[in-house]
Amino acid sequence: MLKGHLKHRNPWAICFVWFAIMLLLTGLVMTIWTILPIDHQSTASLKWFQFVQTLATFFIPPFFLAYLVSDQPSDWLQLNRIPQWPTWMTAILLMLAALPAINLLADWNSHLTLPQALQPLEEIMRQQEDAAMALTERFLQGKGAGLLLINIVLMALLPAMAEELTFRGTLQRLAAGTAANSGTKLTARQHVAIWGIAILFSAIHFQFYGFVPRMLLGALFGYTLCWTGSLWIPIAMHFTNNAATVIAYWVIYNNNLNPDAVETFGTGDTMWIGLISFAVAGIGIYFLCRLSRTISNASSRMSWGN
């Protein structure tokens, strides 16, 4: 009955509906969590809370909104197009090659400071970031294949799907005013939408000292969606970035190695690896863009021939 009910509404009204759905579901989850008679500080319960909260805040609202906005929800979210395997492989290898460069950017970002007037805000952000890092390390610590699988789902697969559905699939779509069509030239509004949502994507994590690399990743995911016309590629890239970190920490904790090696690879004495990573990632981005356009043009010619 409600399917496609909002299809003719303006983007601001649709965005308001999305925000209301997100707040409602998130508030419901937090209320239930608060009243449950459990140990709220145990690692297991915190993992369950993060799992359900991610579903409520980022995963479910885009599908609900797409159902209200379009007669073809999966098409509106740009999930209907499955890219060819060369695009998948190029995107995944690009992300793996970019990991040291991301570390180098994060290291540079960590040395930035806000003006003196904003020092209290910087201290609050530093405390929030330290708390988030402590919780992440708490989730990652442990041994066994079972723990690895749980962490990959909780900290790599689910966030990749949920955040891309929200930020690229929903918000970027609304901000750009149109779906991403591979092989077509991007409009000025699409460029603004990509960077605006990338800034929001980074800011929503409340981690100032990782703001720049996360913003650039968000922009890369946004452009990749426009180049390929499929949300699956940004999801795959996001998952690769997260999963690589989860697996690296698992290997470190299972072999009693230094966990700092994950974040510092590509910085300090290994900065040369980070610089090479920048160059390789740049080449990878170029080839991913060209490959997407080539495949799109080939598909268009085949469709015309038919």
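**Two helices and one serine**

Me: Where does Ser230 sit in this predicted model?
Reply: Ser230 is in the loop between α8 (211–228) and α9 (232–254). Helices here are DSSP runs, H or I, of at least four residues, numbered from the N terminus.

Me: Why is Ser230 called buried?
Reply: Buried means under 20% relative accessible area (1.4 Å probe, protein chains only). Ser230 has 0%, so Ser230 counts as buried.

Me: What makes the pairing of Ser230 with Arg81 a polar contact?
Reply: A polar contact is a pair of N or O atoms within 3.5 Å, where one must be able to donate a hydrogen and the other to accept it. The backbone oxygen of Arg81 lies 2.7 Å from a polar atom of the Ser230 side chain, so the pair fits. A polar atom of that side chain is also 3.2 Å from the backbone nitrogen of Trp232.

Me: Why is α2 called roughly parallel to α6?
Reply: The axes of α2 (residues 43–69) and α6 (residues 145–176) cross at roughly 30 degrees. Angles under 35 degrees count as roughly parallel, so α2 and α6 earn that name. Their axes come within 9 Å.

Me: Which residues of α2 and α6 make the contact?
Reply: Contact means heavy atoms within 4.5 Å. Among them are Phe51, Phe58 and Phe59 of α2, and Leu154, Leu158 and Met161 of α6. The residues of this contact divide into 15 nonpolar, 6 polar and 2 charged.

Me: How is the model read?
Reply: Residues are numbered from 1 along each chain as its sequence is written. Local features need pLDDT of at least 70, side-chain atom pairs count only at pLDDT 80 or more, totals for chains, interfaces and linings use all residues, and side-chain values use heavy atoms, leaving out hydrogens and water.

Definitions and conventions: Axes fitted to C-alpha atoms, helices over the stretch in contact; angles between N-to-C directions. Parallel < 35°, antiparallel > 145°, perpendicular 65-115°, else oblique. Nonpolar A, V, L, I, M, F, W, Y, C, P; charged D, E, K, R; others polar. Buried < 20%, exposed > 50% of the residue type's maximum accessible area, 1.4 Å probe, protein only.
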